[in-house]
Amino acid sequence: KIYEKIEKEDKQINSFITLSKELAKKQAEEIDDKIKNGESLGKLAGIPIAIKDNICTDGIKTTCASKMLEDFIPPYDATVIKKLKAEDAIIIGKVNMDEFAMGSSCENSYFGPTKNPVDISRVPGGSSGGSSASVAAKFVPISLGSDTGGSIRQPAGFCGVTGLKPTYGKVSRFGLIAFGSSLDQIGPITRSIDDAALCLEVIQGHDKLDNTSAKLKYDTYLDKLNNVDIQNMKIAVAKEFIKKGLNEEIKNNFLETIEKFKSLGAKVEYISMPITEEGLSAYYIISSAEASSNLARFDGIRYGYRTKTYEDVNDIMVNSRTEAFGKEVKRRIMLGTYALSSGYYDAYYNRALKLKKKIKDQYKEIFEKYDLILSPISPVLPFKIGEKTSDPLEMYLADIYTININLAGVPAISIPSGKNKDGLPIGIQLIGKHFDEEKILRAAKAFE
Ligand code: GLN
């Protein structure tokens with residue numbers, strides 16, 4: 001039934017790259033067997049889940065929406081996939097994204113752009129645009145995305161659904177094809193806070209295969225979302241958030257959201273976060289530097305695309321990369337290689353790292369006094385397909401509200417907060433201190 005719906009409706013939306021019908025059927029049969037044998041079922045028994053196509057799935061193509069990995073079938077599952085399967089979730093397919101997760105609109109995909117189900121002339125956000133669209137189109141209740149600088153939260157906001165970026169280290173990155181390793185996190189995109197909480201419960205946890213994975217006690221979240229009360233919760237709003245360039249309708253919605261939190265009993269106060277805009281420069285240097293190194297493995301030799309025209313090994317590498325990487329990926333590799341080259345390393349990369357540390361300290365200081373920070377997700381509404389593709393810098397600037405969170409490594413959730421006059425979704429973001437996903441989820445639930 002699900003596949004029937006997807007095959008019919010996704011022709012227009014283009015959220016899926018691969019449908020894993022055979023394997024899904026096998027998984028469903030295994031669940032049936034368990035029921036017949038009277039075995040207990042997992043927390044996600046029978047729930048269909050769509051996976052962003054940069055998360056490795058055993059036996060299912062994992063393309064990163066790139067010609068480079070068009071035919072790549074991983075021989076293993078990412079840790080998050082193992083965990084989903086252990087709770088009897090059904091992996092139904094792989095969803096579209098910006099190539100190697102670089103972008104904010106899902107237009108940088110080798111397989112064509114995904115459309116926003118709310119208005120198909122508009123982008124679904126990115127890079128996890130296929131994830132957010134597949135949830136908004138009601139193909140699946142849960143999808144996994146990845147977030148390096150906003151890629152779970154911004155597309156969730158654009159499609160009117162919920163997206164949670166966990167604390168860096170909370171969810172294993174093993175099997176996630178790396179973009180910016182020090183920033184990447186996997187998280188759920190869902191239609192309800194409860195589903196986000198449940199999915200996080202399943203995918204979290206220490207993993208010895210990811211050496212940045214945190215050793216923590218196992219947390220439950222769903223049971224903490226009954227009758228939530230946010231009386232006396234202290235929420236900070238930075239005055240820098242309400243700035244020139246913030247769309248008027250989003251601004252008004254944000255101000256209404258502040259009032260709604262107040263009426264729920266929270267204490268909302270304005271603060272100052274002087275280092276807000278600079279985060280953008282630091283992010284685009286650090287993430288591109290890490291990407292240039294991470295993507296060096298795609299050399300046309302070990303796996304992935306190989307050029308047909310070559311005379312020597314050097315040609316294989318140069319031609320394969322030239323032919324198989326898209327424009328944005330090449331731009332990032334060049335940016336990153338430049339920032340890391342000797343002579344420029346201190347001027348760019350090291351300075352960006354210092355700024356990253358300052359941003360982290362800024363959050364730390366705020367969270368000594370406040371429980372959460374409330375902010376917009378994006379300064380712009382979901383824009384028309386093609387509207388921003390000619391100006392990469394303009395696209396980068398729209399990441400202003402999401403990137404600092406990754407630089408600091410803190411968790412954040414994006415939840416719907418209303419619509420503009422044309423019915424386009426608007427979302428807001430709740431940011432918490434390291435490993436305090438519980439508080440974020442509780443405040444989101446009170447607001448829902
Ligand atoms: N839009 C940002 C970028 O292009 C974030 C991407 C992401 O979080 N993967 O880098």
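Where does Ser151 sit in this structure? In this predicted model, Ser151 falls in the loop that runs between β4 (142–147) and α5 (153–159). Loop or not, Ser151 is buried, since 36 other C-beta atoms lie within 10 Å and the cut-off for that label is 20 or more. Setting aside residues up to four places away in sequence, Ser151 touches Ala101, Gly126, Ser127, Ser128, Gly145 and Ser146.

Ser151 also turns up in the annotation. The unreviewed UniProt entry marks Lys52, Ser127 and Ser151 as "active site". These residues span 100 positions in sequence, but no two of their C-alpha atoms are more than 10.8 Å apart, so they gather at one spot. One of the annotated residues, Ser127, is in the contact list of Ser151 just given.

Lys52, for its part, belongs to strand β2, which covers residues 48–52. Lys52 counts as buried because it has 31 C-beta neighbours inside 10 Å. Its contacts, again leaving out residues up to four places away in sequence, are Val95, Met97, Ser128, Gly130, Ser131, Leu144, Gly145 and Ser146. Ser128, Gly145 and Ser146 are among the contacts of Lys52, and they are also among those of Ser151.

Then there is the ligand. It has 13 residues around it, and the ones that come nearest are Ala101, Ser104, Thr148, Gly149 and Ser151. So far as class goes, the shell is made up of 8 polar, 3 nonpolar and 2 charged residues. Ala101, one of the residues that come nearest to the ligand, is also touched by Ser151.

Stepping back to the chain as a whole, the domain assignment gives domain 1 (2–224) and domain 2 (281–345). Their C-alpha centres lie 26 Å apart. The contact between them draws on 20 residues from domain 1 and 17 residues from domain 2. On the domain 1 side, the residues touching domain 2 break down into 9 nonpolar, 8 polar and 3 charged.

Further along the chain, Pro376 lies in strand β9, residues 372–376. Pro376 counts as buried because 27 C-beta neighbours fall inside 10 Å. Neighbours within four places in sequence aside, Pro376 is in contact with Phe241, Leu246, Ile250, Phe254, Tyr401, Ile428 and Gln429. Thr257 is 119 residues away from Pro376 along the chain, yet the C-alpha atoms of the two are separated by 9.8 Å.

Terms used:
Residues numbered from 1 in each chain as written. Predicted model: local features only at pLDDT ≥ 70, side-chain atom pairs only at ≥ 80, totals over all residues. UniProt positions renumbered as here; feature names shortened; annotations may be inferred. Helix = DSSP H or I, 4+ residues; strand = E, 2+ residues; numbered from the N terminus. Buried ≥ 20, exposed ≤ 12 C-beta atoms within 10 Å, placed from the backbone. Contact = placed C-beta atoms within 7 Å. Domains from an automatic or database assignment. Nonpolar A, V, L, I, M, F, W, Y, C, P; charged D, E, K, R; others polar. Near = placed C-beta within 6 Å.
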